[in-house]
Each structure stands twice: as C-alpha cells, then as structure tokens.
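Reader: I would love a close look at a single part of this protein, with a bench biochemist's eye for charged side chains. Could you pick one part, go through it slowly, and then place it in the rest of the chain?

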Amino acid sequence: MVRKIINIDEEKCNGCGICATACHEGAIDIIDGKAKLVRENYCDGLGDCLPNCPTGAISFVEREAPEYDAEAVKKSQEEKRNMEASTAPGRAVNRLAQWPCQIKLVPTVAPFFDGAKLLIAADCTAYAYANMHEDFMRGKTTIIGCPKLDNIDYSEKLTEIIRNNDIKEVTIVRMEVPCCGGLEMAAKIALQESGKFIPWQVVTISINGNILD
C-alpha cells in the first residue's frame, strides 16, 4: 500500500540517537552510527521523531510500504518491558530526557525546552549525589556544565535558552566547591537578563554527597 512514512537522509544524520528514543514504536535503530528505519510496519507515519532531529535528517514521504501493524508494536513493547523487568529488577531508571545535555552543545532553541522545568547542574553533582536522577532530573530537562573545565562564561547562552523558550522553572544544582560559583552566577545572570520572572532555586551538594541547602 502507498502511505505516509518517514525517510532518513543518512548524509545529514549524525547518529545522535534522539529519533530512536523519540520513536515509541521502536521502528528506528542506530546501525553503524546512522539512524535507520528498520521496521517499516512499526512506523505509524505520525512523526514523533521528526521535530527531535537536530540535523533535519528526517522527513515524510509517501511511498509503497507495509501497513502499520499496531498489534505487532504493542507486542514488541510488552516484550521489551518484560525483558527489562526480568533482567534488571533493581536497576535505577535513567531520567535524562534529551540529548545532548552539555550546556556548550545544546541548541538555544529546541522542542525539549518548550514548557520545560529546567535543571542546570554542575558536572560533578551526578557523581557526588547518588539519587540525582530521581530527586532532581525526573520530569526536567537537564543541562550540565563546568565553567572551570570549559573555561567559559555560560551566562550568555543560558540567557538565550531562557529568553527564547517557554521555561516554567529553573533549578540550579551545584557542588559546595568554589568553582561551582561560576555556574550559579551564570544562571542567576541569565534569569535576570532574560527579562522573565521564573521561579528558581539553588541546591548545593557537599563533597560527601549531602544536600546543604
């Protein structure tokens, strides 16, 4: 049958994997560093993957393709859930909602910022605070950085992110060490320069992994 289905331009694809994650039906895999539509009958033609592609490698086409098989998709999803539950019953859940997450790499405008609760976190916090994913990252768009290692002032880019997107709230998670003061200051400057009134908070993690404030 002729129907609408996605098309992936491998020349534009950078292999980031965002589309594979966005495709809830499991139609896309990353093979040899490129996204590929490997299960045409799993592609519903609605294009959840389309707005998430940072390089514009995905588009719609109308062509001969197998009919969308909703039952096969449902069965595959159930099998995947059962396998994950049986092989890793105690594994923590990954709450990272988007990629990339480094401040210096994220675009200043992106769908994952729309209506987001933004978490601006110092790199080290995820290693020092054991329950970072559940306590801070869950339900948020997470961006991370270290101004000392990157040797950069993040305030200008953070200002653009907050100004140009519908950010609902901002949480800054930093370490107690002095170098993290640069990240906190950049975030505060960005909130001021954005011209928006957005609820925000700062949480400081000790080097022993405890919340200080």
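Author: Happily! One definition to begin with: a residue is buried when its relative accessible area is under 20%, exposed when that area is over 50%, and partly exposed in between, using a 1.4 Å probe and protein chains only. Please keep in mind that this is a predicted model, where local features need a pLDDT of at least 70 and side-chain atom pairs count only at pLDDT 80 or more, while totals for chains, interfaces and linings use all residues. Residues are numbered from 1 along each chain as its sequence is written, and side-chain values rest on heavy atoms, with hydrogens and water left out.

The part I have picked is the hairpin made by β2 and β3, with two residues between the strands. Strands here are DSSP runs of E with at least two residues, helices are runs of H or I with at least four, and numbering starts at the N terminus. Two strands count as paired if DSSP finds at least two bridges between them. β2 and β3 run antiparallel and are joined by four bridges. One pairing to look for is I28, whose bridge partner in β3 is L37. In the turn sits D32, with a positive phi of about 50°.

Now for the charges around this hairpin. A salt bridge means a side-chain nitrogen of Lys or Arg within 4 Å of a carboxyl oxygen of Asp or Glu. D29 makes one with R39, and their closest N and O atoms are 3.1 Å apart. D29 belongs to strand β2 (residues 28-31), whereas R39 sits in the loop between β3 (34-37) and β4 (58-64), so this pair links distant parts of the chain, 10 residues apart. How accessible are the two partners? D29 has a relative accessible area of 27%, so it is partly exposed. R39 has 29%, which puts it in the partly exposed class too.

The loop that holds R39 offers another partner, E40. Its salt bridge is with R63, the closest N and O atoms being 2.8 Å apart. E40 lies in the loop between β3 and β4 and R63 in strand β4, so the pair ties together parts that are 23 residues apart in sequence. R63 is partly exposed at 28% relative accessible area, and E40 is partly exposed at 25%.

Further along the chain, a pair within one helix makes a nice contrast. E160 and R163 meet in a salt bridge with an N to O distance of 3.2 Å. They both belong to helix α6 (residues 155-164), three residues apart, about one turn of the helix. E160 counts as partly exposed at 27%, and R163 does as well at 36%. There is also a network, in which salt bridges with shared partners join R95, E134 and R138. The count of salt bridges comes to 10.

For comparison, let us step away from the charged pairs and visit some buried places. I103 is in the loop between α2 (70-87) and β5 (117-122), and its relative accessible area of 0% makes it buried. Taking a contact as heavy atoms within 4.5 Å, I103 touches several residues more than four places away in sequence, among them I120, I144, Y154 and L183. The C-alpha atoms of I103 and G145 are separated by 5.7 Å, although these residues are 42 apart along the chain.

Strand β5 itself has five of its six residues buried, so the rest of the structure largely encloses it. Five bridges join β5 to β7 (residues 169-175), running parallel, with L118 opposite V170. Another five join β5 to β6 (residues 141-145), also parallel, where L119 has T142 as its bridge partner. Another buried residue is T125, at 1% relative accessibility. T125 sits in helix α3 (residues 125-128) and touches residues including M132, V173 and I205.

Finally, the whole chain. The secondary structure comes to seven helices and eight strands, and buried residues make up 38% of the 213 residues. Among contacts with a separation of 6 or more, 72% involve residues 24 or more positions apart. The C-alpha atoms fill a box of roughly 60 × 40 × 30 Å along the principal axes.
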